[in-house]
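Trainee: I am new to this structure and would like a close look at a single part of it. Please start from one charged residue and work inwards, taking as much time over the surroundings as you need.

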Amino acid sequence: MRVTVQYMGQLGHLAERSEESRELPEGASLLSLLEGLSAQYGEAFGHIVFTGENRIRPSMMVLVNDVPVEKTTPPVLRDGDQVTLLAAIAGG
Amino acid sequence: MNPLNAEEKATYEWQMWTRGFGEAGQVKLKNATALVSRTGGLGGPVAQELAAAGIGKLILAHGGKVKHSDLNRQILMTHDWLGKPRVECAARRLRELNPRLEVEAVPANISEDNVTDLVDRAHIVFDCAPLFEGRFAMNRACVAQKKPLIDCAMFGLEGQVTTILPGETPCLQCIYPEIPPGWKREFPVFGAVSCAAACFGVMEGIKWLSGMGPSLAGRMLYYDMRTMRVRTVPLRRRPDCPICSAA
Ligand SMILES: [Zn+2]
């Protein structure tokens, strides 16, 4: 299945893209997608997305099809889902 | 409330034609005080638009002196003021734009030491600080004093704005319970990107002050000028938020 991932804040800077399409195995979870992205885009990316205990950081906003997900119980993804990762920003 | 004088009626005539605003809204704006934290790429245009729209008083808090690297975006800073205090330059330019405006220039950034007093003297606070420590300090003070906080932020070609109404909406630490890792004081920035966040934030503030009501209470507006995508995302209060759960 394919999902679209949109990056905002420093994540787009680190991944050097605003958006991409990813091929995932059927029934893949949001958590496994984020783990894959963190492995690909490096330590700084992973540090923004995950806590040391491999939980999605409370300061990260994650949307699936424009709906914020409950980070403590990340959902299973479906073909065509649009995942948006919003990293906190404070620039003035 | 102090009414409008003839000069003010002439100056604000066109904006008073706005549906729902009118002379009553303008009078409320004239009698209002806003605190703007920093007058850089974001806070500069916030202060400028508030001054142009006829707010009565601005309290500006910004430390440091004008540097070359400020001048790509900090539109209240001028080349002839390099090496001199930023907040003085901002106050000077705002008075040129609106001589009726009362400006209090505080030559320091918001910190735990000054935040309670500065928030106390304002009706509304515009958060344009570049570090989460300063943003969290303003959030705590605004929640404690039940003052609205317009939170504007940007990075690269992206920006975001939300309106925090203590007791009604999520506070900043409902959204960010911790200081997010990896955020640095220096960040990629174009002036037009921060200016856009400033303008969204100013209109939220003007709507709240004039009684038109804010639209981003409990929602975060995000925009990305690379893709020109704009969206708003619902925000949730955190029942265990240490800052606002008792508010
Ligand atoms: Zn809160």
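**From a charged residue into the fold**

Mentor: R100(B) counts as partly exposed, with 28% relative accessibility, and I should say at once that we are looking at a predicted model. The side chain of R100(B) meets that of E7(B) in a salt bridge, with 2.7 Å from N to O. This pair links distant parts of the chain, since E7(B) belongs to helix α1 (residues 6-11) of chain B while R100(B) sits in the loop between α5 (86-97) and β3 (102-106) of chain B, 93 residues apart. E7(B) is itself partly exposed, at a relative accessible area of 45%.

If we move on to strand β3 of chain B, we come to a second pair: the side chains of E104(B) and K57(B) form a salt bridge at 3.3 Å, N to O. K57(B) lies in strand β2 (residues 57-61) of chain B and E104(B) in β3, so this bridge ties together parts that are 47 residues apart in sequence. E104(B) is partly exposed, with a relative accessible area of 22%, whereas K57(B), with 17%, is buried, because the cut-off for buried is under 20%. Through salt bridges that share partners, K57(B), E102(B), E104(B), D117(B) and R121(B) are joined into one network.

From these charged residues we can turn to the nonpolar interior. In soluble globular proteins, nonpolar side chains tend to be buried together. Here the largest nonpolar core has 89 residues, and those that touch the most other members are L50(B), L58(B), L60(B) and F126(B). Leaving aside residues up to four places away in sequence, F126(B) touches a list of residues that includes A34(B), V46(B), L50(B), I150(B) and V202(B). Apart from this core lies another, of 26 residues, with Y7(A), M60(A), V62(A) and V69(A) among them.

F126(B) also leads us to strand β5, because F126(B) stands opposite I150(B) in that strand. The strands β4 (residues 124-127) and β5 of chain B run parallel and are joined by three bridges, and between them the chain passes through helix α7 (residues 132-145) in a right-handed β-α-β crossover. Strand β5 (residues 149-155) of chain B is mostly covered, seven of its seven residues being buried.

In a regular strand the side chains alternate between the two faces of the sheet. In β5(B), L149(B), D151(B), A153(B) and F155(B) point one way, while I150(B), C152(B) and M154(B) point the other way, and all are buried. A further neighbour of β5(B) is strand β6 (residues 158-164) of chain B, which runs antiparallel to β5(B) and is joined to it by seven bridges; there, D151(B) has T162(B) as its bridge partner. The hairpin of these two strands has two residues between them, and G156(B) takes a positive phi near 60°.

Finally, F155(B) carries us towards the other chain. Chain B and chain A bury about 2,600 Å² between them, 58% of it on carbon and sulfur atoms, and in chain B the residues that lose the most area to chain A are F155(B), P181(B) and R231(B), together 23% of what that side buries. The contact takes 38 residues from chain B and 26 residues from chain A. Four salt bridges are found across this interface, and E19(A) forms a salt bridge with R229(B), with the closest N and O atoms 2.5 Å apart.

Technical notes
Residues numbered from 1 in each chain as written. Chains lettered and ligands numbered in written order. Predicted model: local features only at pLDDT ≥ 70, side-chain atom pairs only at ≥ 80, totals over all residues. Heavy atoms only, no water. Helix = DSSP H or I, 4+ residues; strand = E, 2+ residues; numbered from the N terminus. Buried < 20%, exposed > 50% of the residue type's maximum accessible area, 1.4 Å probe, protein only. Core = buried A, V, L, I, M, F, W, Y, C linked by side-chain atoms within 4.5 Å. Contact = heavy atoms within 4.5 Å. Pairing = 2+ DSSP bridges. Right-handed = clockwise from strand over helix to strand, strands pointing away. Buried area = accessible area lost by both parts, 1.4 Å probe.
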